[in-house]
Amino acid sequence: MATADNPETTLFVRKATGLVKGWSILDATMYSAFAINLITVGFGFAFSTLIFVPEGSLMYATILAGLFLIFEVLVYASLIAVMPRAGGDYVWQSRIFGGGIGFILGATGWWFILWHWVPIYAQIMALEIIQPILTVLGFTGTEPLHADWWVYSATNGTGIFVTSIITALLGAVVVAIGMRAYAKFQRWCFLGGMIGLGIVILLFALHSESDWVNAFNRSAQDLYGTGPNAYQDTVKAAADAGHVSAPFFDSLALGSTLLLIPFVIFWNLYPNWGATLYGEVKGASDFRKNVYSMAGGLILMTILTIVTFVAMSRSMGYDFFGILSGTYWGTVAGPVAIFPYPGMLAAFFLENAALQVILLLLLSLWFFGWLGTLFLSSTRMIFAAAFDRVLPEWAARVDSRTRVPVPALLLMFIPSIPIAALYSYSSQFYQYTLDAAVVIAIMYFGTTLAAIVMPWRRPDIYNASPIAKYKVFGIPLITFSGLVFLAFLAYALYKWLGDGLYGVNHADSLYYMGVLYVVALAIFVGSRLYRRRQGIDLAAVSKEIPVE
């Protein structure tokens, strides 16, 4: 029963969240690194798009994007230091702009849209783990359970649907074990993944160009059934297609390099992915530690990306990597369409199938360590909204042993299965998901706007925070950083939505994503009316900060 001197029972589901601080700053740093690890979203998609801007410099695009993303880190590190609460973007937007904006952007960007990422994660698992290993073992072709059966295609949806179910189940399991257990899991994945990546780098760096030509020809013939001169035939096909690319260390080529950046940030836009979890990170109120955590993940992945490409340029050649991306996307009619995954390409140097499989399994740990990012961060947004009574109270329940918000996890897992089925069996629905990354960027846009105006919208919170002393040219650091990052996001959104080069400005996809925003609005309006009948004012809830 609520009383006048105990208003928290009226505003929130309970006095404290029930979550525990199970992570250290180091754990948060690893999570940030996994969120943008170069193997999954980097080589799993972003880098393969080189064929579409061959004159651009991937190295400089990566560095330039990373420099701007430092300002994203400063924005989120500041917000975490001010309000280190579970829920991240939703909590900050709702406390600065009001609950409606916070819930609409948060629910769409963290809840609904991550259902659609399940088959995307599954496709990466198929391309980087299942397909390469089965190919090495000789199970090639499109027959059920063979290498090509698992990946998405217009003629076979069952394989990717099965892969999606496996992905969703594994993603749910690594969240259900709890923050402390997951921290241990990701440490082992990080260690094994780094060993695998180190082997890949050494294999490329210690072999010559002629070694690569021989390895590619031998592997293409043995594994994919091509003729004996697959390398020469691939190069000729690229020349016939008019393919021209700049060397990895060529001049800045600013115009083309800027065009590469919206592709690059499909990979590295997410050093802040753990922001919804910082209510469970020890020392999260320390601004500098937050910067070190997120910037550490960003800088590490940027360096590893550059080192990997330098090593690849040593033997395979940066240009040939671009050509392989062309054979995969169908712009180069080479003898074989090999997905340009450096793990598989490096395995070509190893003539022993057992060693090839071991290397691929080590590299798979980058995926499995990353798998927690599928549901983990999203569960905290759902939990926070339920704790604020925007969603039903049962969604804020926490398991007493693992301290996991299990109902929130189910709200991620269960809807993802029918979404994966639609993705797998309907080419039209597949097109609806093209803006999956755009929706996340729009949520970041809203959070960045909130950060810019926070010193004036919530001076009570800002002035009492540890970040109030940081200024640039007399402007609050959070505002200055927000303005820079907002301009960067505006450029990316402008290119994504207005330029067909990036393949995401699909009208049906925009309409579909618009429907998701409308659904979020309807939930919030319905909840506000329902709570009003109960005597609960959600506007008052969004003015208060819950106790962790």
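Mentor: Ala, Val, Leu, Ile, Met, Phe, Trp, Tyr, Cys and Pro count as nonpolar, Asp, Glu, Lys and Arg as charged, and the others, Gly among them, as polar. The model is predicted: local features need pLDDT of at least 70, side-chain atom pairs 80 or more, while totals for chains, interfaces and linings use all residues. Numbering runs from 1 along each chain, and side-chain values use heavy atoms, without hydrogens and water.

Trainee: How many charged residues are in the lining of the largest pocket?

Mentor: The largest pocket is lined by 28 residues (an atom within 4 Å of a pocket point). F45, W329, Y423, Y430 and L434 lie nearest its centre. By class, 22 lining residues are nonpolar, 6 are polar, and the number charged is none.

Trainee: Which helix supplies the largest share of that lining?

Mentor: Helices here are DSSP runs (H or I, at least four residues). α3, α7, α12, α14 and α20 each give at least two residues. The largest share is 4 residues, from α7.

Trainee: Which helix gives the most to the lining of the second largest pocket?

Mentor: Of its 24 lining residues, Q131, D148, V151, Y224 and A337 are closest to the centre. α7 and α10 each supply at least two residues. With 4 residues, the top contributor is α7.

Trainee: What span should α8 have?

Mentor: α8 covers residues 158-176, 19 in number. The rule is 1.5 Å times one less than that number. Its end C-alpha atoms are 27 Å apart, so they agree with the expected 27 Å.

Trainee: Which residue with positive phi follows α8?

Mentor: Within α8, the buried residues (under 20% relative accessible area, 1.4 Å probe, protein chains only) include G159, F161 and V175. After the helix, phi is near 100° at G178.

Key. Buried < 20%, exposed > 50% of the residue type's maximum accessible area, 1.4 Å probe, protein only. 1 Å grid on protein atoms, 1.4 Å probe; cavity = no way out; pocket = protein on both sides within 12 Å on 5 of 7 lines; lining within 4 Å.
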